[in-house]
Amino acid sequence: MLNRKTFIGSAVAFAGALGAAGKDAKPGNCVSLKAEVPVEDEVDVLVVGGGPAGVCAAVHAAREGRRVFLAEETGAFGGAATAAGVPAFCRFGDGKRILVSGVGLEVRKMVSREYSVSHDFVPINAEDLKLAYDKVVAESGVRFSFFTKLCAVEKEGRRMSAAVFVSKRGLFAVRAKVFVDATGDADLVAFGGGKHSLGDATGATMPATLCTLWGGIDFDRVSSFKEQLEKVAEAVKDGHFTVPDLHLTGILKTPHAPKGIGGGNVGHVFGVDPTDERSLTKAMVDARSRMGEFESFYKKYLKGYDDLRLVSTAGYLGVRESRRVTCDYTLTADDFLRRASFDDEIGRYCYPVDVHPSSADPKAYAEFERKFKKLYRYNPGESYGIPYRSLVPASFDNVLVAGRCIGADQAMQASVRVMPGCYITGRAAGVAAALAVASGAVRAIDVKALRARLG
């Protein structure tokens, strides 16, 4: 049990290679420990994960007058766009209206001079984005710390009572009334033994990408995206790539940066388990080793890249898909196709179902082209609803989820996982968490009052 001073670890759900659990310990395993862990804080709302969903959840809970702690394991907020180097925002609007509001829209306006409902991808300067997040979090009064990684939770039945973090100072705990899992990997839910799923029917997940920063690009001369795709196919046929991957996202010009700098989202790493550090380690080494192939590809096959040089690779792998929490409602591809609306809707979104093939097999890519590039697309003005129930884990009474790990099937997760979708679910989770503090029960809130606050 936790008290105001110390915590005795014998009742905690630990994950990882601790004590007698061994190297193959699974989330939810209980490991008997006798370590004393200091309780560093007691708050109304604890948010784990400082990506776009976590920042929105924390700031909006604080704006509702709640005491909030936000834990982030890297050295900056922003998740995939900062630590993993994803070079662009996906669409904020459906072509007729903006679908994102609150902190997400505030940040977008702070870092991008371009602002339109018609923009599909807007390039990001990661340093601008880091500063914008720092500003909105600091101004909100949220207490936060970087380099703070979740390692355990304490729960009593269906309620979480505390989370344990590891930092340079060692272990410490934070108690809370309501918790928000914005880790992207559903670590909080999984460590507590909550229900979740991973991958397709065979367990396969979408490939990851190691994003990059490049210099020496003549953007006035670069080949069209259509030509780039044609040349990738030609290079694959020529045996240029170690992995014959036909899917290329490309390199986008980085705003507010020296001439010739661009952010790359190129190359897939297949067969990665994003919940296993051994798999992630192997994937990082593999991805870095293949970046020279892309440098020579751009120089040899395309215009405008004669002086291309790799500047840096990201410190984190860009993961598209990880654990998906089993929630009170699971969004599905059918909801996308029927442009679903819900009585408990907390927002609407419109990004296509962007399922990347789980292998480099040309047949898998052909199926992707046939199905997902044609069927799962919207016309301007079309969108789908996101119900509050998809933020409520089935296994807990005082936990919400936001971002990549909400209740959705694999196809629908491939739409809602992008940053604007994370802003929508993060804001809703933060406001809902603030409303749930009084009762300590996320299902007891007045959903009409939540919807009214969200506008």
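Does C151 count as buried or exposed, and at what relative accessibility? Here are some friendly notes on this predicted model, starting with that residue.

1. C151 has a relative accessibility of 12%. The cut-off for buried is under 20%, so C151 counts as buried.

2. C211 is another cysteine to look at. Its relative accessibility is 2%, so C211 counts as buried too. The closest cysteine sulfur to that of C211 belongs to C90, and the two lie 11 Å apart. A disulfide needs the sulfur atoms within 2.5 Å, so this distance is too far for a bond. For the structure as a whole, the disulfide count is 0.

3. Now to the empty space inside. There are 3 cavities of 30 Å³ or more in the structure, and the volume of the largest is about 60 Å³. This largest cavity is lined by 13 residues, and those closest to its centre are D245, P357, S359, A360 and Y365. Sorted by class, its lining comprises 8 nonpolar, 3 polar and 2 charged residues.

4. Helix 7 is also worth a look in your viewer. This helix covers residues 291-301, and its buried residues are M291, E293, F294, E295, F297, Y298 and Y301. Two glutamates, E293 and E295, are thus on the buried list alongside aromatic residues such as F294 and Y298.

5. What do the buried residues of helix 7 pack against? Their partners include two helices, helix 5 (225-237) and helix 6 (277-289). Strand 12 (212-215), strand 13 (250-253) and strand 15 (309-313) are packed against by these buried residues as well.

Technical notes. Residues numbered from 1 in each chain as written. Predicted model: local features only at pLDDT ≥ 70, side-chain atom pairs only at ≥ 80, totals over all residues. Heavy atoms only, no water. 1 Å grid on protein atoms, 1.4 Å probe; cavity = no way out; pocket = protein on both sides within 12 Å on 5 of 7 lines; lining within 4 Å. Points joined across faces, edges and corners; volume = space filled by probe spheres on them. Nonpolar A, V, L, I, M, F, W, Y, C, P; charged D, E, K, R; others polar. Buried < 20%, exposed > 50% of the residue type's maximum accessible area, 1.4 Å probe, protein only. Helix = DSSP H or I, 4+ residues; strand = E, 2+ residues; numbered from the N terminus. Contact = heavy atoms within 4.5 Å.
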